[in-house]
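Please open the structure in your viewer and keep the selection tool at hand. The tour below goes from stop to stop, and at each one there is something to select and something to look for.

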Amino acid sequence: MTDTTAAGSKDTEAHLKKRRCAEAAVRYVEPGSVLGVGTGSTVGYFIEALAARPGLIRAAVSSSEASSRLLSAAGIQILDLNEVAGLHLYIDGADEATRARHLIKGGGGALTREKIVASAAQRFVCIIDDSKLVETLGAFPLPVEVIPMARSLVSRAIEARGGQPVWRRGTVTDNGNHILDVHGLSITDPRALERELGEITGVVTVGLFAARPADLLLVGTATGTETI
Ligand code: 5RP
């Protein structure tokens, strides 16, 4: 059934923009390489674009079980990160991005493996639709992956720093951990906050990508793709 509501058409428009930047990312892929692949609906479109070009890549290192399933269905071999010396390129989406290419990631709960694969790659190309481009990060609640037994301890430490953590109930990450979504932050110094929150005992990963930002942002717009 076609969704003809205003919300429905906005949603369709967002997905069109996601598809646009995902397809634009294919041109950065080195033929025959092992590619790092992120997680989310935008990456889903990117995997579709890869599936339409059989044999373009030799294999992929995946950032989540969800992406591994999509990659396998597309006939793409998956390698463990331990099996490869390094990656030429990592492609992933984000929940928010600035023009300095600092990101909030983890809306899909895959932030830890995403950060690991991003850090193994020489180049990180981030694909987003233009609704995610912001002046200051923080309107999107910042995901923080925590060891389950430390959830309350970490929550109190984050509250003491002015954030309002909300436990993403029912979500267990691929690593067996919990997620806190931190509201109420206006992130003017993403590198400092990434470091500060990362130092709280019990925190596994902070969903800020500022120490290792994206190298390139491909932003899907109503008319094409902007490169930042
Ligand atoms: C998953 C992520 C995703 O990249 C982020 O949530 C964007 O997802 P989508 O492409 O579905 O909007 O960080 O952990």
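What follows is a short walk through a predicted model, beginning with a pair of strands and ending at a patch on the surface.

Begin by selecting residues 34-37, which form strand 1, together with strand 2, and you will find that these two strands pair in the parallel sense over four bridges. To see one of these contacts, pick Val34 and look across to Ala59, its bridge partner in strand 2. Now trace the chain from strand 1 through helix 2 (residues 41-51) to strand 2, a β-α-β crossover that is right-handed.

Stay with strand 2 (residues 59-62) and show its side chains: which residues point one way, and which the other? Ala59 and Val61 point one way while Ala60 and Ser62 point the other way, and all of them are buried.

From Val61, move on to Asn82, which lies 21 residues apart from Val61 in sequence, with 9.6 Å between the two C-alpha atoms. Asn82 sits in the loop between helix 3 (65-73) and strand 3 (87-92), and its relative accessible area of 75% is above the 50% cut-off, so Asn82 counts as exposed.

For the last stop, select Ile147, Met149 and Val204, which together make a nonpolar surface patch of about 310 Å². Is Met149 buried or exposed? Met149, found in the loop between strand 7 (142-146) and helix 5 (151-160), is exposed, with a relative accessible area of 79%.

Methods
Residues are numbered from 1 along each chain as its sequence is written. This is a predicted model: local features need pLDDT of at least 70, side-chain atom pairs count only at pLDDT 80 or more; totals for chains, interfaces and linings use all residues. Side-chain values use heavy atoms; hydrogens and water are left out. Patches are made of residues with over 30% relative accessible area and no salt bridge: like charges are joined within 9 Å, nonpolar side chains (Val, Leu, Ile, Met, Phe, Trp, Tyr) within 5 Å. Accessible areas come from the Shrake-Rupley method with a 1.4 Å probe; for residues, only the protein chains shown count as cover. A salt bridge is a side-chain nitrogen of Lys or Arg within 4 Å of a carboxyl oxygen of Asp or Glu. Buried means under 20% relative accessible area, exposed over 50%, partly exposed in between (1.4 Å probe, protein chains only). Two strands pair if DSSP finds at least two bridges between them. A crossover is right-handed if, with the strands pointing away from the viewer, the path from the first strand over the helix to the second runs clockwise.
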